[in-house]
Amino acid sequence: MLDFPTWRKVWLWSIAIIAMLAALPSLLSATSVRWPDALPQPMVNLGLDLAGGSHILLEADPADVAAQRLENMEENVRSLMRNAEPRIRIGDVSTRGGQLSFILDDPSQMDQAREVMLPSINGTGLVREWDLTMEDGNRMILSPTADGTDTAVNDAMESAIEVIRKRIDELGTREPTIIRQGDTRIVVQVPGLEDPDQLKALLGETAELEFKLVDQNALPSDVAEGRAPPGSEIYPYAETSDFAGQNLAVRRLGGIRGDNLTGAQQSFDPQTNEPVVTIQFDSDGGRRFAKLTTENVGKPFAIILDGQVLSAPNINEPIRGGTAQISGGFSVETANRLAISLRSGALPVELAVVEERTVGPDLGADSIRSGMLAMAIGSLLVIALMIASYGRFGVYATIALVINILMLLGIMAGLGTTLTLPGIAGFVLTIGAAVDANVLINERIREERARGRRVVAAVETGYKEASRAIYDANVTNFIAGVLLFLFGSGPIRGFAVVLIIGLFTSVFTAVTLTRMWVAAWLRKARPSDLNL
Amino acid sequence: MRLLKLVPDNTNIKFLKWRIPFFVVSILLIAASWALVMTKGLNYGVDFAGGLEVRATFTQSAEAPVAQLRDDVEALGYGSPVVQRFGEDNQVSIRVRLPDDVAADQEAAQEAANEVVSTLQAEYPDFRLDGNDNVSGKVSGEFRMTAIYALLAAMAAIALYIWIRFEWQFGVGALFALFHDVSLTLGMFALFQLEFSLQIIAAILAIIGYSLNDTIVIYDRIRENLKKYRKMPLPELLDLSVNETLARTVMTSLTLFVALLPLLIFGPASLFGMVAGITLGLFVGTYSSVYMAAPILVWLGVTSDSFVPEETVADVQEKKARGVV
């Protein structure tokens, strides 16, 4: 038990020293001393609650994706049938109940219709995306498969993450963390952000831009009440536009989407000097935009952003250059934001902020300072108590405690874990509890001496008998820590991480290292009595 | 140098003599805690109740205008806010539990949060926003469920471990002690209406871990003594075990306490509730290890046979072969 061969001593010291060295860069970062760049730089990350920053949890509505998908399918089917050879005429198209259903004018074209739709039904991936059923000999019903919807939601989330990353990069923010959480959520963490509102506005903007023709035949009274004529739909004007509070009827189909853009900039209208957004279409988008404007000269078309009409100007002449200007009562700031959003692409799905936590940078710095102060005072009190109670054995426990704190910090840095505000409480708790092992051992040695055992035998029995309880106690604490980690979020996880790593470093320093030192002392001094 | 001894050597306190009255008191305290939780309720923070919380410092003021802030925020029409001093005299936390229709609409909830902050920023030039939390009803509901799962899972897993390492009676005893600790902590939070947040759940889980330390140390000694003194009556043996480990129990509780106390006094205000919870749990946990975990063993009929390994067939044959039997 007290026998420590040299290789074992070297081994134990190496572990302790390497772990402690890993803490150095983090400790030095608080001072003016620079850690040489050539060496590895393990660092303890500071959580947002200490460094300041924003944590935003976004959630998508899968129904939104499903609805979008159904609409795309409808457009797709219409164009497939129109372009089929010979043309297939369909009617009574409906998307009620999440299904696309239509009847063929000529039931004998059933097989041909199925043939042209087959690639769309099967999809491009491994799963079949739509189920096709037939009713009454002439009706075809397409219903989305669960697998197909899941894939669509998954794709939408993946590309949403990309879009978010581009948008945040545009803000020039350093080191954002963007992670998918579960099926429909995305966590965005941005440290040290000056203006969280700007970020939220940027994330909340789907930036789905559409150009649709205005339905000029709609009765104004119907439009005001939100009733759309067949083939049209009603959109409200945006609050920033001149017609805020009014509705507009637009043709449901035949418009184009602004998702093939190559650029978007905030600029000023040369005539009115009003802030506007200038967009450039790619060649395909430019061609379609030119076609739309050529075929409808003299008619108004609506510019719709995220389901709200920005403006509905008349098409004075065909726009062939692939560049268009969007106005809608913007300020420079909102125009700029829209330009960023359009540049980074539309979010494939609307995201809502379901949780937001922001901490100012000043508060975080205050927390670290007061946390460190409390930790220092706490450590000194624990050390005083240990030395007063156990003398030499208390000194060993103290050295072990200091190594423990440094190793804990070093391992956290090496693993790249995050120190959070509750993590500071975890540190303090570890300091208070780490010496428990020493208390158990020392009390046991006292007892064994009182029973008349000789010094070496008492120390051996003390370590041996106390180890069992130390082991069991640490396992139960480990269980509590792991559950805390599994169920906890953000800051709480930081607490769990400190507790769990602290258990390992505590046992190593308070049991293994002190035993090595006690053994060396017993061997050298050969005391006949212990002052314990 | 004479060393400090907090507990004299060879104490012989009859802890278990008073086990029935203490146990009755403990049961009453548990019942009272739950009654408090049911009637007064816990003061849920935004984590569990949803809504928004704004923390701010009035940098040029000696004291935050708490009453005025309450009126300002109430005037916005989202109901009556909870405005509390938070840390220094010029720091406050403003908590608004949004009306149901606003909370249900995530955009409206966002707008409400922005409105509260911008109104106060306009009204008070020295208003410094230290942070804000904005939790939707859906997410807060999930937090409530995970908190309950985490507590139940921790208690179950730990009781199971003790059962495997010791005997089922010890598992039940430990579970009961944990239930006592969790109940009393909840009761205290209901009584003093301290904000109950996710951090407090973390505190309770830490309490579960550390309260168990004491229980395990005492149980370990009981197991050892059961093997050593096979004829000793159980209450006497439990008393002996508690007394033998008393010095350690006191010392460890004290080191934890002196480590936590500075954090409670000087530490960041946003950790106060959590540290207060852990500190409180420290005392409750030590008490329950002695007065809940140990006496239950008497009633559940632990005997010294529990830990003497049963003779296997091979052992018996070996003994026969050597002519022992």
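This passage describes the interface between chain A and chain B in a predicted model, followed by selected features within each chain.

The two chains meet through 71 residues of chain A and 71 residues of chain B. The size of an interface is often given as the accessible area lost when the parts come together. For chain A and chain B, the area buried between them is about 6,200 Å², and carbon and sulfur atoms account for 62% of it.

Charged and polar pairings also cross this interface. Between chain A and chain B, 12 salt bridges are found. One pairing of this kind links the side chains of A:Glu59 and B:Lys138, with an N to O distance of 2.9 Å. In addition, 21 residue pairs, both members at pLDDT 80 or more, are in polar contact across the interface of chain A and chain B. On the chain A side, the elements that contribute two or more residues are strands S2 (53-60) and S18 (351-359), together with helices H7 (196-204), H11 (361-390), H13 (421-450), H14 (455-487) and H15 (490-525). Helix H11(A) supplies the largest share of this side, with 18 residues. By residue class, the side of chain A that touches chain B comprises 39 nonpolar, 13 polar and 19 charged residues.

Strand pairing also connects the two chains. S18(A) is joined by five bridges to strand S5 of chain B (residues 127-135), and the two strands run antiparallel. Within this pairing, B:Asn134 of S5(B) stands opposite A:Glu356.

Within chain A, an open sheet is formed by four strands in the order S12-S9-S15-S16, with antiparallel pairing. Its edges are strand S12 (256-257) and strand S16 (308-311), each of which pairs on one side only. Strand S9 of chain A (residues 209-213) is connected to S12(A) by two bridges, and these strands run antiparallel. A:Phe211 has A:Ile256, in S12(A), as its bridge partner.

Within chain B, helix H8 (residues 198-228) contains B:Asn225. The relative accessibility of B:Asn225 is 0%, and the residue is therefore classed as buried, the cut-off for that class being under 20%. When residues up to four places away in sequence are set aside, B:Asn225 is in contact with B:Leu237, B:Leu240, B:Ser241 and B:Glu244.

Conventions
Residues numbered from 1 in each chain as written. Chains lettered and ligands numbered in written order. Predicted model: local features only at pLDDT ≥ 70, side-chain atom pairs only at ≥ 80, totals over all residues. Heavy atoms only, no water. Contact = heavy atoms within 4.5 Å. Buried area = accessible area lost by both parts, 1.4 Å probe. Salt bridge = Lys/Arg side-chain N within 4 Å of Asp/Glu carboxyl O. Polar contact = N/O pair within 3.5 Å; in protein donor to acceptor, adjacent residues only side chain to side chain. Nonpolar A, V, L, I, M, F, W, Y, C, P; charged D, E, K, R; others polar. Pairing = 2+ DSSP bridges. Buried < 20%, exposed > 50% of the residue type's maximum accessible area, 1.4 Å probe, protein only.
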